[in-house]
Amino acid sequence: MSDVPGRFEGLQAAYLTLPHEAATPQETTVTRVRQVPAGYLMKCSSFSTPEEAAPYRGAWIQIPMSAELPRNPDTFYQFELIGLRVEDPEGQQMGTVEEILEYPQHHVLVVRNHDSEFLIPATRRTVEKIDLDKQCLHLTTKEWWDIPHAL
């Protein structure tokens, strides 16, 4: 997922990961990228025919972590948020960010613990701080953890 225009132009290496599968990501060299009205067409060294590439249709295209990522202050990539520990204002661990849902108004964090699931709007009103070094997301209020909000 990217909101960076021209993200794929100049891409040299990528990993293809099938959603919801435990398979090892397929590492590949990107040999050609062409923009088309519906998106992008990408030619990869791992496949020489459309039939070989077919199983990877719909795969996530991931770039190596070493790649320089453009960043604005207080902006985070989704892959950085998945797996973060979530704490309330008192420091009590409430669960882990397992998934991010995209809605027109804002993104929603799906936070799960051993027996509950919570949907937390990813807004400045609900998220106080994200500390990537400590792998923790701090919430501004406990209201999101009130039992009626649990699914």
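Four strands make up an open sheet in this predicted model, and reading across the sheet you meet them in the order β3-β2-β1-β4, with antiparallel pairing. Strands of a sheet pair through backbone hydrogen bonds, in either a parallel or an antiparallel arrangement. Look next at the edges, where β3 (39–44) and β4 (60–62) stand. Each of these has a single partner strand, so one side of each is left without a neighbour in the sheet. From one strand to the next, the twist averages 50°.

To follow one of the pairings in detail, start at β1, which covers residues 13–17. Strand β1 pairs with β4 in the antiparallel sense, over three bridges. If you would like a residue to anchor your view, take T17, whose bridge partner in β4 is W60.

Now let us turn to the aromatic rings, which form two pairs in the structure. One of them joins F47 and Y56: the ring centres are 5.3 Å apart and the planes meet at 40°, so this pair counts as tilted. F47 is buried, with a relative accessible area of 15%, while Y56 is partly exposed at 23% relative accessibility.

The other pair brings together Y77 and F79. Here the ring centres lie 6.0 Å apart with the planes at 25°, and because planes under 30 degrees apart count as stacked, this pair is a stacked one. Y77 is buried, its relative accessible area being 16%, whereas F79 is partly exposed, with 44% relative accessibility. In both pairs, then, a buried ring residue sits beside a partly exposed one: F47 with Y56, and Y77 with F79.

Technical notes
Residues numbered from 1 in each chain as written. Predicted model: local features only at pLDDT ≥ 70, side-chain atom pairs only at ≥ 80, totals over all residues. Heavy atoms only, no water. Phe/Tyr/Trp six-rings, centres within 6.5 Å; stacked < 30°, edge-to-face > 60°. Buried < 20%, exposed > 50% of the residue type's maximum accessible area, 1.4 Å probe, protein only. Pairing = 2+ DSSP bridges. Helix = DSSP H or I, 4+ residues; strand = E, 2+ residues; numbered from the N terminus. Axes fitted to C-alpha atoms, helices over the stretch in contact; angles between N-to-C directions.
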